[in-house]
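User: Could you take me on a close look at one part of this model, the surroundings of the first ligand? I'd enjoy a connected account rather than a list.

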Amino acid sequence: LDEVKRPTLVWLEYQDCAADTEALLRAEHPTVAELILDILSVDYHETVMAAAGFQAEEALAKVVKEQKGKYLAVVEGSIPLKDDGIYCCVAGRTAVDTAREVCGNALATIAVGTCASFGGLPAASPNPTGAVGVREAVPGATVLNLPGCPLNADNLTAAVVYFLTFGKLPATDDQGRPLFAYGKRIHDNCERRPHFDAGQYVERWGDDGHKVGYCLYKMGCKGPETFHNCPTQRFNQKTSWPVAAGHGCAGCSQPGFWDTMTPLYQR
Ligand code: SF4
Ligand code: F3S
């Protein structure tokens, strides 16, 4: 039971901007210190681990060898498949090579952010590196998608705690996203929705409607097409979220949003 309660976690980073790591570092419920020191044993995370070079890679290899089928993997960033994956290499190995070994031997993998989930920005047309998400790069692996640009760290800790409590991943939608975080449309939970229903829209940035919180639909808000718990979970200790801050939702948790949700400021 102890093993199930305090599993080892390894965190891989590929074609990414490290924003999901940044989000993790600002997690509040629990804090990253509680997560790393009390709940999990994080044995590999390139960006924040003290070890470097051969020592770091040894730690990863040790986990894969000695804890096969028992550890959790987290992947941040997309994985390029074009030209045998040479566009993203870490420690002399391609991302796809490492991901197939590490995620293929993990108990489960959590793809954090839209790049790891669906390819994200690197996969935007014309997708020069052939970038894909973990599910596509590692067929057969057990993968939970937590998209977002970046993800909300509260959803990561909730998914990990769910896994530690019930010994399985939470129920998902057809995109592999947990229903507890992606089961509802942003538009249906938005605090500006009464203005949408009343036909009260922001028509120009900074106009009177913008100042009093009218609906951002005409400014390009993609809340009607996007599933995520941003309006209720919010960010930074529940301080705010994009629409509350006066900017429309960009649809960042939807597959292919860089191609399907642009231009961001037009409907
Ligand atoms: Fe919907 Fe966006 Fe308007 Fe909110 S601001 S009601 S999500 S269109
Ligand atoms: Fe992304 Fe829209 Fe939420 S842009 S962070 S899904 S409000």
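Analyst: Happy to. C221 touches L216, V243, G248 and C249, leaving out residues up to four places away in sequence; touching, or being in contact, requires C-beta atoms, placed from the backbone, within 7 Å. The model is predicted, with local features needing pLDDT of at least 70 and side-chain atom pairs counting only at pLDDT 80 or more, while totals for chains, interfaces and linings use all residues. Residues are numbered from 1 along each chain as its sequence is written, and chains are lettered from A and ligands numbered from 1 in the order in which they are written.

C221 sits in the loop between α12 (208-211) and α13 (230-233); helices here are DSSP runs of H or I with at least four residues, numbered from the N terminus. C221 counts as buried because it has 28 C-beta neighbours inside 10 Å. For that label, 20 or more other C-beta atoms must lie within 10 Å of the residue's own, all placed from the backbone; 12 or fewer makes a residue exposed, and anything in between partly exposed.

C190 is buried as well, with 24 such neighbours inside 10 Å. Its place is the loop between α10 and α11, and beyond its neighbours within four places in sequence, C190 is in contact with G223, P231 and V243.

Now to the ligand itself. Ligand 1 is surrounded by 15 residues, the closest being C190, C215, Y217, C221 and G223; a residue is included if its C-beta atom, placed from the backbone, lies within 6 Å of the molecule. Helices α10 (186-189) and α11 (193-197) each contribute at least two residues to this shell. By class, the shell has 10 nonpolar, three polar and two charged residues. Here Ala, Val, Leu, Ile, Met, Phe, Trp, Tyr, Cys and Pro are nonpolar, Asp, Glu, Lys and Arg charged, and the others, Gly among them, polar.

The record has something to add: an unreviewed UniProt entry lists H187, C190, C215 and C221 under "binding site". These four span 35 residues in sequence, yet no two of their C-alpha atoms are more than 11.2 Å apart, so they gather at one spot. Such annotations may be inferred rather than shown by experiment, and the positions follow the numbering used here.

For a companion view, ligand 2 has 13 residues around it, with H228, C230, C249, A250 and C252 the closest. Its shell divides into nine nonpolar, four polar and no charged residues. C249, one of those closest to ligand 2, is also touched by C221.

Key. Contact = placed C-beta atoms within 7 Å.
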